[in-house]
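Please work through the exercises below with the sequence and the structure at hand, trying each task before reading its solution.

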Amino acid sequence: MLKQLKLERFKNFREAELALGPLTLLVGTNASGKSNLRDAFRFLHGVSRGYTLAEIIGEKWAEGGVLQWKGIRGGTREAAFMQAPTFALEMAFDGAENGQPRTLSYRIEVAVGPNGSPPRVKAERLLIEGKGPVFDSHPDSNAPPQTDPLHLGVRLRKEAQKGWVGPTVNFINERPVLSQIGEHPDVKLPKVKELVRQAMSALASMRFLDLSPEAMRLPSLPGQTVLGDRGENLSSVLQAICEKPELKQALVDWVRELTPLDASEFDFPPDQTGRILLTLVEGNGQRTSAYSASDGTLRFLAMIAALLGTQPARFYFFEELENGIHPTRLNLLLALIEQKVAQGNIQMVATSHSPQLLGFLGAKARESASLCYRLANQPEARIRRIMDIPEAARVLTGHDLARLHASGWLEDAVAFAEDRKTTP
């Protein structure tokens, strides 16, 4: 499980921390930084895919001219806060060492470089909480010299128990060290490689769903069981779910709860190319294909496909979770999500502009909900856990969180608290 994301000079964050729970709901006005948090997660996911920094921030094209990776919005010029020369991201997550649970922390600092030069890794490390580095380019002692403009020198942890400082290995600085260690011929330390593998795995199983009705209406081939970020392969993913009776029944039950459709069956008729298209069959025989289904129904089906599918990711990021869902059904959608994340194998971060959705949060999810905000006449975005807002716990004993959010109380409360700090 991912536990905490730290941002330094990234996009419109000068310095901020986001605490992560099984479900982390992000609220805040437009331009408060919610989508920039998505970019931060995507950057770290790009590290796990072995891309160069230029590919992570820009684009990655596969052979044949197929776009494999869409870069970070704004490119290198807008990646760093107010044209700062570097930005840094740090992720803490659950891991293990010698069979014992440990918190690992991965940090990368990137020099964006002047126009015409590629971004490069300025500093990078992987730490075990309470036990020191697995690798570190800039340790507090015995730091390797950084004199080569094309490489980053990194100290590796010893295999022995006493002291951590082991050999120094040079890595190309146009690509994150984390993705190079496993294949580097000079790294022969099994424990280092295992801990690096855990870090890569923690960042790899991420999905960023920005669902498009057009993509969800496209036919797909049976066997395509990974839902695309825009909702591609929806029909074949749902077909795979329906092959398991218990999942199919759950799908039917949730569709009946969240839509006016009296769905009793799902059909997947093929076309002449063998591609299939979802058709919902109601109890009275009415058939509604994905072509005719409402955008909201398709969006909800895609969410179910992501959560119940045969190849789920461990981490999902949804933007504007409430889109296309009727306000009277938001509590049911949230119940499905909280039920799935409570099982411990899926984690979700979602943005929302819906006060109702925030108000429906259970007690545990409320502890992880955070507000993104900007103070008047201040350039940087900030993050505050809602329950850490001064007086929030007391006020919530007598007031509804949804109404507080709709009235702007959350932003007013953090602004008042910040003003008190600066007023003598």
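**Exercise 1: Two loop residues**

Q83 is found in the loop between β5 (66-69) and β6. Bear in mind throughout that this is a predicted model.

Task: describe the phi of Q83, and decide whether Q83 counts as buried, partly exposed or exposed.

Solution. Begin with the backbone: Q83 is not a glycine, and yet its phi is positive, at about 60°. Next, take the accessibility: the relative value for Q83 is 65%, and the class "exposed" begins over 50%, so Q83 counts as exposed.

Task: carry out the two steps for E391, giving its phi and its accessibility class.

Solution. Locate the residue before anything else: E391 is found in the loop between β19 (382-385) and α11 (392-396). Its phi is near 75°, which is a positive value in a residue other than glycine. The relative accessibility of E391 is 47%, and since values between 20% and 50% define the middle class, E391 counts as partly exposed.

**Exercise 2: A pair of helices**

Task: determine how the axes of α5 and α7 are arranged, and say what kinds of residues make up their contact.

Solution. Start from the axes: those of helix α5 (residues 234-242) and helix α7 (residues 295-308) come within 10 Å and cross at roughly 55°. This angle makes α5 oblique to α7, and the crossing of the two helices is left-handed. Then list the partners: on the α5 side they are L234, V237, L238 and I241, which meet L298, L301, A302, I304, A305 and L308 in α7. Finally, sort these residues by kind, which gives 10 nonpolar, no polar and no charged for the contact of α5 with α7.

**Exercise 3: Aromatic rings**

Task: state how many aromatic pairs the structure holds, and classify the pair of F43 and F87.

Solution. The structure holds seven aromatic pairs. A pair of aromatic rings is described by two quantities, the distance of the centres and the angle of the planes. For F43 and F87 the ring centres are 5.5 Å apart and the planes stand at 85°, so the pair is edge-to-face. Now place the two residues: F43 lies in helix α1 (residues 34-48) and F87 in strand β6 (residues 86-97), so their pair ties together parts that are 44 residues apart in sequence. Both F43 and F87 are buried.

Task: which residues do ring pairs link into a cluster?

Solution. The cluster linked by ring pairs consists of F41, F208, F315 and F317.

Definitions and conventions:
Residues numbered from 1 in each chain as written. Predicted model: local features only at pLDDT ≥ 70, side-chain atom pairs only at ≥ 80, totals over all residues. Heavy atoms only, no water. Axes fitted to C-alpha atoms, helices over the stretch in contact; angles between N-to-C directions. Helix = DSSP H or I, 4+ residues; strand = E, 2+ residues; numbered from the N terminus. Parallel < 35°, antiparallel > 145°, perpendicular 65-115°, else oblique. Left-handed = near helix turned anticlockwise from the far one by under 90°. Contact = heavy atoms within 4.5 Å. Nonpolar A, V, L, I, M, F, W, Y, C, P; charged D, E, K, R; others polar. Phe/Tyr/Trp six-rings, centres within 6.5 Å; stacked < 30°, edge-to-face > 60°. Buried < 20%, exposed > 50% of the residue type's maximum accessible area, 1.4 Å probe, protein only.
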